[in-house]
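Please walk me through this model in the viewer, stop by stop. For each stop, say what to select and what is to be found there.

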Amino acid sequence: MPHLWVRAEHRDHEQRVGLTPDGAAALRAAGFDVTVEDSSSRAIPTQGYRDAGCAIAPEHGWPDAPADAIVFGLKELPEDGSPLRHRHIMFGHAYKGQAAGRVLLDRFVAGGGTLYDLEYLTDADGRRVAAFGYWAGFAGAAVALKCWAAQQRGTICGPIRVMPDAAALRSDLSAELDGTDKPRARAIIIGALGRVGSGAADLCAAMDVPVTGWDMAETAHGGPFPEILEHDIFLNCILAAPGSPVFVPAEAAVAPRRLTVIGDIACDPGSDFSPVKVYDRVTTWDAPALRVAESPPLDVTAIDNLPSMLPVESSEDFAAQLLPSLLALETIDSGVWARARAEFDKHAA
């Protein structure tokens, strides 16, 4: 039976995990060996995994895991150039022309390992089997509204932080919006019918922000899209892909516009296919807004681990979606895992 090794995350502000103690117990009951690294930051305590019968390993000990272990994490590995010899399940961000992606793939080739990219775990119909999308949309819309509220005060958005739950995030955001003219803010969401868009729409509804919801039908003509510039906030919930329309071209920064905040929730500025062309790098928890124009201001927020603002809820949701596929790891050469392996082989070649 497979040996699943759940690693601690290396990234700052990353408290999520892709397997809960209940999921670990289900894998153990199915005959899996499950090792979970201790973690100084994980939102779900290590004791729960110990109680589920998992072996507990030191934090960041995965490089010394047995050769047959499948190492499971979420975000990126340390960029130390070391060859990667294990099979890894993670978000690689390596298949869309990202500069760091080529380096990561070269490390797998050098070490003889394999990347099973979580973004490319799909069912027979091509639909992802598990995604953090809803919580990315929910948190991303909240950060965009924080950016807008800061503009109303004549400032730029300050640091964001982990919240204990969605109710606390809504309360915190309401306090941010106090003293602003909330009805003045109008948002447009592209990708409104998807997981990410539905999360963004739910947050906006909770904050009484009117939303124009667009999806494939409204964007099928390929642009340009002047309507985006007529809203205060644009929330991009469409992943970059070959053939993606450009929603905000570079010249939009100096064009007449009402738009002052872009929440690029899909967040792929390093991709050749990015639909938002006014910025070129992700933003951070410490500096969530990148000002790309003045008079009027235009702030872009593009944080690539947004669900980490709500680590418990997003982890439990994602883990429940993914567990059936983890239980199928015994047949890693077929189904969802074989499709992910084929994607890796194509891009690593």
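The tour below goes through two helices, a pocket, several loops and a strand of this predicted model.

**Stop 1: helix α4**

Select residues 133-152, which form α4. The 20 residues of α4 should span 28 Å at 1.5 Å a residue, and the end C-alpha atoms are 29 Å apart, which agrees. Now colour the helix by accessibility: α4 is mostly covered, with 18 of its 20 residues buried. Past the helix, pick G154, which follows α4 and has a positive phi near 80°.

**Stop 2: helix α6**

Move to residues 195-206, the 12 residues of α6. From first C-alpha to last, α6 reaches 17 Å, close to the 16 Å expected at 1.5 Å a residue. Show the side chains of V196, G197, G199, A200, L203 and C204 where they have one; these are the buried residues of α6. They cover an arc of only 160° around the axis, and therefore lie on the same side of α6.

What covers these buried residues? Add α4 to the selection, then α5 (166-177), β7 (187-190), β8 (211-214) and β9 (233-236): the cover of the buried residues of α6 includes these elements. To leave the helix, select D208, which follows α6 and has a positive phi near 60°.

**Stop 3: a cis proline and a pocket**

Select G223 and P224. The peptide bond from G223 to P224 is cis, with omega near 5°. P224 sits in the loop between α7 (216-219) and β9.

P224 also belongs to the lining of the second largest pocket. To display that lining, add F225, P226, I228, L229, V246, F247, P249, E251, A252 and A255 to P224. The volume of this pocket is about 150 Å³. How many of the lining residues are nonpolar, polar and charged? The lining has 10 nonpolar residues, no polar ones and 1 charged.

**Stop 4: a second cis proline**

Go to S295 and P296, which are joined by a cis peptide bond with omega near -5°. P296 is in the loop between β11 and β12 (298-301).

**Stop 5: strand β11**

Step back to residues 290-293, strand β11, and select L290. Is L290 buried or exposed? Its relative accessible area is 16%, so L290 is buried, the cut-off for buried being under 20%.

Show the surroundings of L290 next. Leaving aside neighbours within four places in sequence, L290 is in contact with Y279, R281, T283, L298, D299 and V300. Draw a distance from L290 to C147 as well: their C-alpha atoms are separated by 9.8 Å, with the two positions 143 residues apart along the chain.

**Stop 6: the loop between β1 and α1**

Select Q15, in the loop between β1 (3-6) and α1 (21-29). Q15 has a relative accessible area of 24% and is partly exposed. Without its neighbours within four places in sequence, Q15 is in contact with S41, R42, A43, V162, S308 and P311. One of these contacts, V162, is 147 residues from Q15 in sequence, and the two C-alpha atoms are 8.7 Å apart.

Stay in this loop and select T20. At 15% relative accessibility, T20 counts as buried. Not counting residues up to four places away in sequence, T20 touches I44, Y49, S315, E316 and A319.

**Stop 7: positive phi outside glycine**

Two more loop residues are worth a look at their backbone. Pick H93, in the loop between β5 (87-90) and α3 (99-111). Phi of H93 is near 50°, a positive value in a residue other than glycine. H93 counts as partly exposed, at 33% relative accessibility.

Then select C267, in the loop between β10 (261-264) and β11. C267 is not a glycine, yet its phi is positive, about 55°. Which class does its accessibility put C267 in? At 9% relative accessibility, C267 counts as buried.

Key. Residues are numbered from 1 along each chain as its sequence is written. This is a predicted model: local features need pLDDT of at least 70, side-chain atom pairs count only at pLDDT 80 or more; totals for chains, interfaces and linings use all residues. Side-chain values use heavy atoms; hydrogens and water are left out. On a 1 Å grid over the protein atoms alone, a cavity is a set of points where a 1.4 Å probe fits but cannot get out, and a pocket is an open set with protein on both sides within 12 Å along at least five of seven lines; lining residues have an atom within 4 Å of a point. Grid points are joined across faces, edges and corners, and a volume is the space filled by probe spheres set on the points. Ala, Val, Leu, Ile, Met, Phe, Trp, Tyr, Cys and Pro count as nonpolar, Asp, Glu, Lys and Arg as charged, and the others, Gly among them, as polar. Helices (H or I, at least four residues) and strands (E, at least two) are DSSP runs, numbered from the N terminus. Buried means under 20% relative accessible area, exposed over 50%, partly exposed in between (1.4 Å probe, protein chains only). Contact means heavy atoms within 4.5 Å. The expected span of a helix is 1.5 Å times one less than its number of residues. The arc is that of the directions from the helix axis to the C-beta atoms.
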